[in-house]
Amino acid sequence: MKAFEKNIRKVEPYVPGEQPQNKVIKLNTNENPYPPAPGVAKVLRELDTDRFRLYPDPTCAPLTEALADFYHVNPDQVFVGVGSDDVLSMCFLTFFNSEKPVLFPDITYSFYKVWAELYRIPYECQKLDEGFRVVKEDYFKENGGVIFPNPNAPTAIYEELHVVEDIIRANQDVIVIVDEAYVDFAGRSALELIDKYDNLIVVQTFSKARSMAGMRIGYAISNPTLIKYLNDAKYSFNSYTMNQAALACGVEAVKDKAYFEEGIRKIIQTREWAKEELSQLGFCCLDSSANFIFAMHPEYDAKEMFEALKKNGIYVRYWGSERIEQYMRITIGTREEMVALFAFLREYMKR
Ligand code: PMP
């Protein structure tokens, strides 16, 4: 080992789902199967490329203003970043700066652990119960901050707002981050509690309900004080996080509320039908409130099924980690994609 090795910041990175470049039925990374709002394509076509000479607006004002308008908050309550991964990473860096451990569920978005390790933040995982639900009392103890997704990933289980509020209320000496990447497919958002609790940050994304994973836009909404701390950290890291195209497309996507709502309706409808199909095939599905379903079959090995699906051009997600080794996570695609999935599974089970 070279002497300099000991000074290198080593980290076991997050492993993103596969992005195969050939045509497959892609149900593995919770993308939206429908295109973004039609105005987005138009804005992109009409983008003034002469302006690419210039740096983008570091404050991201048009986008923070559009989001503020949409969510009925002030622009100084909104922070945007390169996907919610960027926003969440900034939140870890900014708000989790204690000797005490940050708390999050044992089965959850696996990036949390990676950021904690990258930034040397102590953390402690709280076990979900047998039904993969959050045990709120586990978060009623001394800690350096709390983060959890609602709905949770990869379980897709949504906790009602009163459970979320109980956790926020019990933790007013630390920052609580509610990661709402999938909330548009679920129920009430913790945004309702922003004015009531000054320790709360809600993080959302354009990658799911707004069909723009490829544009990389995420945002945090909170009170102006916490948003200022986030901006201070951002300007100490990279002033120009959002490129001009992402800013323009983001604004356009937020404007089209009707398209957004219709897209959500279609996914929920397909999801509810997919749950029924899966249970007819003998799968046990957790009660999904997201754009994906976490499912297991008591008679078929999940890893083998995942591999057989992949060999046949149908990509779902499988982890094989503790407690979830028999589960697959299936993103809700178009109805046609789901039909192809079920047809394959039906054949697979005949073998
Ligand atoms: N939070 C959760 C719970 C997620 O599942 C994801 C998607 N992988 C993200 C955040 C990040 O999404 P994005 O960076 O695309 O906004």
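## A covered helix: α2

In helix α2, the residues Ala61, Leu63, Thr64, Ala66, Leu67, Ala68, Phe70 and Tyr71 are buried. This is a predicted model, so please read everything below as a description of a prediction. Helix α2 spans residues 61-71, and with eight of its eleven residues buried, the helix is mostly covered.

What do the buried residues of α2 pack against? Their partners are β2, β7 (200-205), β8, α7 (244-255) and α8 (257-280). Just after α2 comes histidine 72, which has a positive phi, near 55 degrees.

## Strand β2 and its partner β8

One of the elements that α2 packs against is β2, so let us look at that strand next. Strand β2 covers residues 78-81, and both of its faces are covered. On one side sit Val78 and Val80, on the other Phe79 and Gly81, and these residues are all buried.

A little background helps here: strands of a sheet pair through backbone hydrogen bonds, and the pairing can be parallel or antiparallel. Which sense applies to β2 and strand β8 (residues 218-221)? These two strands pair in the antiparallel sense, over four bridges. To find one of the pairs in the structure, start at phenylalanine 79: its bridge partner in β8 is alanine 220.

## Strand β5 and its parallel neighbours

Strand β5 runs from residue 145 to residue 149, and five of its five residues are buried. Gly145, Ile147 and Pro149 belong to one side, while Val146 and Phe148 belong to the other, so you can see from the structure that both faces are covered.

Strand β5 has parallel pairings to explore. With strand β3 (residues 102-105), β5 runs parallel and is joined by two bridges. Here valine 102 stands opposite glycine 145 in β5. With strand β6 (residues 176-179), β5 also pairs in the parallel sense, over four bridges. In that pairing, phenylalanine 148 faces valine 178 of β6.

## Around the ligand

How many residues surround the ligand? There are 14, and the closest are Ser84, Asp179, Tyr182, Thr205 and Ser207. Sorted by class, this shell has six nonpolar, four polar and four charged residues. Helix α3 (residues 83-95) supplies four residues, the largest share of the shell.

Several polar atoms of the protein lie beside oxygen atoms of the ligand. For threonine 205, a polar side-chain atom is 2.5 Å from a ligand oxygen. For serine 207, an N or O atom of the side chain is 2.6 Å from an oxygen atom of the ligand. Aspartate 85 takes part through its backbone: one of its backbone N or O atoms is 3.0 Å from a ligand oxygen. Taken alone, the ligand would expose 400 Å², and the protein buries 91% of that.

## The sheet β9-β10-β12

Another part of the model holds an open sheet of three strands, in the order β9-β10-β12, with antiparallel pairing. The edge strands are β9 and β12 (328-331), each of which pairs on one side only. Between β9 and β10 there are two bridges in the antiparallel sense, and cysteine 285 stands opposite alanine 295 in β10.

## Two residues in one loop

Leucine 286 lies in the loop between β9 and β10. Is leucine 286 buried or exposed? Its relative accessible area is 12%, and because buried means under 20%, leucine 286 counts as buried. Leaving aside neighbours within four places in sequence, leucine 286 is in contact with Phe132, Thr155, Ile157, Phe294 and Tyr327. Leucine 286 and lysine 141 are 145 residues apart in sequence, and their C-alpha atoms are 28 Å apart in space.

Asparagine 291 lies in the loop between β9 (284-285) and β10 (292-296). Why does asparagine 291 count as buried? The reason is its relative accessibility of 0%, given that buried means under 20%. Not counting residues up to four places away in sequence, asparagine 291 touches Asn30, Glu31, Tyr182, Phe185, Lys208, Ile267, Thr331 and Ile332. With asparagine 30 there is a polar pair to look for: a polar side-chain atom of asparagine 291 lies 3.1 Å from the backbone oxygen of asparagine 30. Tyr182, also touched by asparagine 291, is among the closest residues to the ligand.

Note on methods: Residues numbered from 1 in each chain as written. Predicted model: local features only at pLDDT ≥ 70, side-chain atom pairs only at ≥ 80, totals over all residues. Heavy atoms only, no water. Buried < 20%, exposed > 50% of the residue type's maximum accessible area, 1.4 Å probe, protein only. Pairing = 2+ DSSP bridges. Near = heavy atom within 4 Å. Polar contact = N/O pair within 3.5 Å; in protein donor to acceptor, adjacent residues only side chain to side chain. Areas by Shrake-Rupley, 256 points an atom, 1.4 Å probe, with all protein chains shown as cover. Nonpolar A, V, L, I, M, F, W, Y, C, P; charged D, E, K, R; others polar. Contact = heavy atoms within 4.5 Å.
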